[in-house]
Amino acid sequence: MNKLGGGAGGGGQVSGAVGIAAGPTASAAAAAAQRQRTLLQRADADIGSLLDNFSHLLKAARINDSVRNAQEGFQMEIHAARVVQAADSLLKLVSELKQTAVFSDFLSLNEHIEQHVTKFSGQCDETEQLLSSVGEEAAVSLRELESHYYQSIHRS
């Protein structure tokens with residue numbers, strides 16, 4: 001674990017398979033899965049650093065020897081600074097997660113758009129068939145009207 005806080009380091013493993021679709025979204029899904037693993041590892045490392053440094057801070061605070069108090073006071077300042085660094089790193093991570101959540105919504109938005117495209121394509125086909133049948137009916141009716149007109153006695 002990184003004792004300075006805020007750095008990359010060992011962390012938790014993410015288990016489970018990610019379903020990847022074929023086509024151009026496959027690489028995007030793989031990249032998103034890798035980014036998720038990286039963010040989880042960063043979170044684990046930062047939280048571990050925060051806990052380690054906080055426990056060192058508490059251990060240093062227990063000493064009552066006047067000679068060691070100055071030395072321990074300096075170590076307490078160092079550990080406190082590392083706690084602040086780890087907390088700052090976690091805040092940055094939360095900000096990145098928020099941005100990722102906002103921008104990753106494009107995947108569901110694209111799926112929604114694809115559903116609408118499919119729906120509207122079906123409606124377009126239905127409309128073309130309807131227009132074709134209306135045109136055929138109009139042509140039949142026009143032929144009948146022409147037939148009646150040419151057979152009519154009122155034709156001049």
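**Entry 1. Surface and burial.** I looked up the accessible surface first: the protein exposes about 11800 Å², and carbon and sulfur atoms supply 60% of it. I note that the model is a predicted one. I then looked up burial and found that buried residues make up 13% of the 156 residues in the protein.

**Entry 2. Secondary structure and contacts.** I recorded 2 helices and 0 strands for the protein. Helix α2 covers residues 66-151. I next turned to the contacts in the protein with a separation of 6 or more, and noted that residues 24 or more positions apart account for 77% of them.

**Entry 3. Nonpolar patch.** I asked which residues form a nonpolar patch on the surface. I found Val-102, Phe-103, Phe-106, Leu-109, Ile-113 and Val-117, which together have about 580 Å² of accessible area. I checked one of these residues, Phe-103, in further detail. Phe-103 lies in helix α2. Its relative accessible area is 52%, and it counts as exposed because the cut-off for that class is over 50%.

**Entry 4. Aromatic pair.** I searched for paired rings and recorded 1 aromatic pair in the structure. The partners are Tyr-149 and Tyr-150, with ring centres 5.4 Å apart and planes at 65°, so I entered the pair as edge-to-face. The angle decides this class, because planes over 60 degrees apart count as edge-to-face.

**Entry 5. Exposure of the two tyrosines.** I asked whether Tyr-150 is buried or exposed. Tyr-150 is exposed, at a relative accessible area of 51%. For Tyr-149 I noted a value of 48%, and this residue is partly exposed. The two tyrosines fall into separate classes because exposed requires over 50% relative accessible area.

Notes: Residues are numbered from 1 along each chain as its sequence is written. This is a predicted model: local features need pLDDT of at least 70, side-chain atom pairs count only at pLDDT 80 or more; totals for chains, interfaces and linings use all residues. Side-chain values use heavy atoms; hydrogens and water are left out. Rings of Phe, Tyr and Trp (its six-membered ring) pair if their centres lie within 6.5 Å; planes under 30 degrees apart count as stacked, over 60 as edge-to-face and the rest as tilted. Buried means under 20% relative accessible area, exposed over 50%, partly exposed in between (1.4 Å probe, protein chains only). Helices (H or I, at least four residues) and strands (E, at least two) are DSSP runs, numbered from the N terminus. Contact means heavy atoms within 4.5 Å. Accessible areas come from the Shrake-Rupley method with a 1.4 Å probe; for residues, only the protein chains shown count as cover. Patches are made of residues with over 30% relative accessible area and no salt bridge: like charges are joined within 9 Å, nonpolar side chains (Val, Leu, Ile, Met, Phe, Trp, Tyr) within 5 Å. A salt bridge is a side-chain nitrogen of Lys or Arg within 4 Å of a carboxyl oxygen of Asp or Glu.
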